[in-house]
Amino acid sequence: MEKYLESVEEKIICRKSVINQLYSLIGYSDEPMPCSIFVYGHIATGKSLVVETMLSYLKYNVTIINCIEHANSKHIFDYILSDLSLNVTNSKMNTKLQLKCDNIIDFIINLKEVSLKDSRPIVIVFDKCEKLRDMNASLLPAFSRLKELSNVNVCVIFISGIVWEKFHAKIGIYEPIKVHFPQYNRNEFAEILLSFKTCDYEELFYKNYLNLFLSVFFRFCRDLNELRYMAKINFSKYIQPIETDKSKKVDSAILWRNISAVFKANLEVIYLRVSSDDFVKNNQFSKEIESTTKLALSFELPYYAKYMLIASYLASYNPAKEDKHLFVKEKTKKKIKATIKKKTAKLSTQCGPYNFPVSRMLAIFCAILDEKVDINANLLAQIPSMCQLGLLTVVGNYNLDEPKLKCCVSYDFILVIAKTVGFSIQNYIYDMH
């Protein structure tokens, strides 16, 4: 364990106690694995990072499942078996594992065959495991006692942001070993944020900045990801007086007076992944944009629903014939005629929104996402939800084969939505090319 701690001391900070606890449970391959472990804690407390890093170091036969990405238990069974069998070299075994696994009995039979071909301990990790509650009622109890059912040296690790008491099951569930990842305190936040320092200023100077930063933001936000982002974008404002006059570097009072108003303004947009500068016009807040921002923030859309709304906006305001040029990675060179037409013709953003078929919107949705997403019923259910919210509207009769929709949001609205997911929508609007 000492070797492991030395190997990760720079990558994982302030998590020594939970690392020791977790390593004592699964770190010794010559000992039987526990049936199941429940890892829980607040968002951005290092749960997934610690588990994945430790399993990578231990070299077990491991599969990690993000439960959000799977619609049902059948998808989960197939994914686990294909992932665990990657290192199995027997061709017959591989052929058998590629067959569809319809239920837990078939899954256990195939899992036994994987263990016969690979003697390493098996670890199955369910990230965002609270989503399992929405699937088959017997799925969570079965995985919680998978070692007992299969007689295989397997451990199932559940990772969640909620407590175990909210995982209600009527029968058969096995009580897992609980490992709690506590929230970071202020000193730990300062130490972690210091490790992300990329500027040329010395460490002591950046520590002083972080103390000022956390004195304002720590009371209102405990999300490491958000604090890391805000610390980075506010530092450029903090050092502005120094850039003009180097002698002000030692005058902390001047630096504080310069940054305090910026901190206060940025507190209002901390979870938007933007800064107050994005809404400033002629050194004053634009009231129209500020109200649009609050309206956009009030719609608590899921991650993929935001991308779907962005895709619908692009489908409404981009000409359909330009989709290949805008969204295909190997873009063809555009003719000069298109530029001439653009100057004389009215802009699409002024004429729109135009209606579009759902198939076109889904094609744009898949093109703008960096990851492969399975278009399933859960994903398509976001469309009627957004129609009820007034973000989309159905045009004409609702044809089940090919319904046509229209996007009802403004550019300022979709710009805020795009910034929350880190998407540059300007690069995909035809009028801005």
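User: What pLDDT does the protein average, and what share of the residues score at least 70?
Analyst: This is a predicted model, and pLDDT is the predictor's confidence in each residue, on a scale from 0 to 100. A score of at least 70 is reached by 82% of the residues. The average pLDDT of the protein is 82.

User: Over residues 89-97, how many contacts does the model have beyond near neighbours in sequence?
Analyst: The pLDDT over residues 89-97 is below 50. Over residues 281-286 the pLDDT is also below 50, and that stretch has eight contacts beyond near neighbours in sequence. For residues 89-97, the number of such contacts is 14.

User: How many helices and how many strands are there in the protein?
Analyst: The protein has 433 residues, of which 45% count as buried. Its secondary structure comprises ten strands and, on the helical side, 22 helices.

User: Among contacts between residues at least 6 apart in sequence, what percentage join residues at least 24 apart?
Analyst: A contact here means heavy atoms within 4.5 Å. Counting pairs at least 6 apart in sequence, the share that joins residues at least 24 apart is 72%.

User: What part of the area that the protein exposes do carbon and sulfur atoms supply?
Analyst: The protein exposes about 23,800 Å². Of that area, carbon and sulfur atoms supply 51%.

User: A search of the whole structure finds 36 aromatic pairs; why is the pair of Tyr 209 and Tyr 238 classed as it is?
Analyst: A pair of aromatic rings is described by the distance of the centres and the angle of the planes. For Tyr 209 and Tyr 238 the centres are 4.9 Å apart and the planes stand at 45°. Planes under 30 degrees apart count as stacked and over 60 as edge-to-face. The angle of 45° falls in neither range, so the pair of Tyr 209 and Tyr 238 is tilted.

User: Which helices hold Tyr 209 and Tyr 238?
Analyst: Both Tyr 209 and Tyr 238 are buried. The two are 29 residues apart in sequence, so their pair ties together separate parts of the chain. Tyr 209 lies in residues 203-217, helix H10, and Tyr 238 lies in residues 224-238, helix H11.

User: Where does Phe 263 lie, and is it buried or exposed?
Analyst: The ring of Phe 263 has its centre 6.5 Å from that of Tyr 209, with the planes at 45°, so this pair is tilted too. It ties together parts that are 54 residues apart in sequence, because Tyr 209 lies in helix H10 and Phe 263 in helix H13, residues 252-267. The relative accessible area is 0% for Tyr 209 and 1% for Phe 263. Buried means under 20%, so Phe 263, in helix H13, is buried.

User: Which residues do ring pairs link into a cluster with Tyr 209?
Analyst: Tyr 238 and Phe 263 are members of this cluster. Besides Tyr 209 and those two, ring pairs bring in Tyr 201, Phe 205, Tyr 206, Phe 213, Phe 217, Phe 235 and Trp 256.

User: Over the face of which ring does Arg 228 lie?
Analyst: One arginine placed over a ring is Arg 133, at 5.4 Å from the ring centre of Phe 167. Arg 228 is at 3.8 Å from its ring centre, and the ring is that of Phe 196.

User: The structure holds six salt bridges; which residue meets Asp 102 in one of them?
Analyst: Side chains of opposite charge can pair when their charged atoms come close. Asp 102 lies in the loop between helix H5 and helix H6, and its partner lies in helix H4, so the pair ties together parts that are 28 residues apart in sequence. Asp 102 is partly exposed at 47% relative accessible area, and the partner is partly exposed at 33%. With an N to O distance of 3.4 Å, that partner is Lys 74.

User: In the salt bridge of Arg 120 and Asp 118, which residue counts as buried?
Analyst: The side chains meet at 2.8 Å, N to O. Arg 120 has a relative accessible area of 28% and is partly exposed. At 11%, the residue that counts as buried is Asp 118.

User: How far apart in space are Pro 403 and Phe 356, C-alpha to C-alpha?
Analyst: Pro 403 sits in the loop between strand E9 and strand E10. Its relative accessible area is 9%, so Pro 403 is buried. Pro 403 and Phe 356 are 47 residues apart in sequence, while their C-alpha distance is 8.5 Å.

How values were computed
Residues are numbered from 1 along each chain as its sequence is written. This is a predicted model: local features need pLDDT of at least 70, side-chain atom pairs count only at pLDDT 80 or more; totals for chains, interfaces and linings use all residues. Side-chain values use heavy atoms; hydrogens and water are left out. Helices (H or I, at least four residues) and strands (E, at least two) are DSSP runs, numbered from the N terminus. Buried means under 20% relative accessible area, exposed over 50%, partly exposed in between (1.4 Å probe, protein chains only). Accessible areas come from the Shrake-Rupley method with a 1.4 Å probe; for residues, only the protein chains shown count as cover. Rings of Phe, Tyr and Trp (its six-membered ring) pair if their centres lie within 6.5 Å; planes under 30 degrees apart count as stacked, over 60 as edge-to-face and the rest as tilted. A charge sits over a ring if NZ of Lys or CZ of Arg is within 6 Å of the ring centre and within 35 degrees of the ring normal. A salt bridge is a side-chain nitrogen of Lys or Arg within 4 Å of a carboxyl oxygen of Asp or Glu.
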